[in-house]
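Student: Before we argue about labels, can you put the structure up? I'd like to hear how each term earns its place.

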Amino acid sequence: KSAKFGHHAQIITAGRAINDNMGAYVAKQLVQKLIYLNKNPKQSRVLIMGITFKENVSDIRNSKVVDVVHELNDFGLNVDVVDPHADPQGVKDEYGLDLSPTINPGYDAIVIAVGHDEYKNLNERYFMEITRDDAVLVDLKGIFRNQISKMIYWSL
């Protein structure tokens, strides 16, 4: 609207560009960490925990987590998505993605994308039980900051 009146809201535009590119940034960082660990991204399995717009709600509209999923898929990774609050049919209809009904161990990376209360009760032992050796834990909400010592940990 401001452009219509001759004003250029550069800060707002820059902020929008950063938000719009965050999915690609997260995916690239994860792929770089997998490569550093001598893992082939195209043979790697990733678990995304959470797809709703925000924690503890079922609303999936405007979820930026979908951008991360698409970027990881573009890199050739095998991605599973779980969310205790999201409606699987709604996710399928809105984004064309299938939610995994269960968590199947053997992941090379986990991305905690939404800070649902159910996830806050988990610990490093749980994550290690569902991952392979030298797994990466990406904690986009910083829930486990300073609590992970045996896994490769990265947070924004």
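Tutor: Let's start with area: accessible areas come from the Shrake-Rupley method with a 1.4 Å probe, and for residues only the protein chains shown count as cover. By that method the protein chain exposes about 9,100 Å², with carbon and sulfur atoms supplying 49% of it. Keep in mind that this is a predicted model, where local features need pLDDT of at least 70, side-chain atom pairs count only at pLDDT 80 or more, and totals for chains, interfaces and linings use all residues. Residues are numbered from 1 along each chain as its sequence is written, and side-chain values use heavy atoms, with hydrogens and water left out.

Student: What makes a stretch a helix or a strand here, and how many of each are there?

Tutor: Both are DSSP runs numbered from the N terminus: helices are H or I with at least four residues, strands are E with at least two. On that basis the protein chain has 5 helices and 5 strands, in the pattern α-β-α-β-α-β-α-α-β-β along the sequence.

Student: Which residues of helix H2 are called buried?

Tutor: Buried means under 20% relative accessible area (exposed is over 50%, partly exposed in between, 1.4 Å probe, protein chains only). In H2, residues 65-74, that label goes to Val65, Val66, Val68, Val69 and Leu72. They sit on the same side of H2 because they cover an arc of only 160° around the axis, taken from the directions from the helix axis to the C-beta atoms. Chain-wide, 44% of the 156 residues count as buried.

Student: How do you know that E3 and E4 pair, and in which sense?

Tutor: Two strands pair if DSSP finds at least two bridges between them. E3 (residues 107-112) and E4 (residues 131-139) have 5 bridges in the parallel sense, so they qualify. Ile110 stands opposite Leu137 in E4, and Val111 opposite Val138. E4 and E5 also pass, with 4 parallel bridges; there Val136 stands opposite Ile152 in E5.

Student: Why do E2 and E5 count as edge strands?

Tutor: The 5 strands form an open, parallel sheet in the order E2-E1-E3-E4-E5. E2 (78-82) and E5 (152-155) each have a single partner strand, so one side of each is left without a neighbour in the sheet.

Student: What makes you say H2 packs on the sheet?

Tutor: Contact means heavy atoms within 4.5 Å, and H2 touches strand E1 (45-49) and E2. Just after H2, Gly76 takes a positive phi of about 95°.

Key
Axes fitted to C-alpha atoms, helices over the stretch in contact; angles between N-to-C directions.
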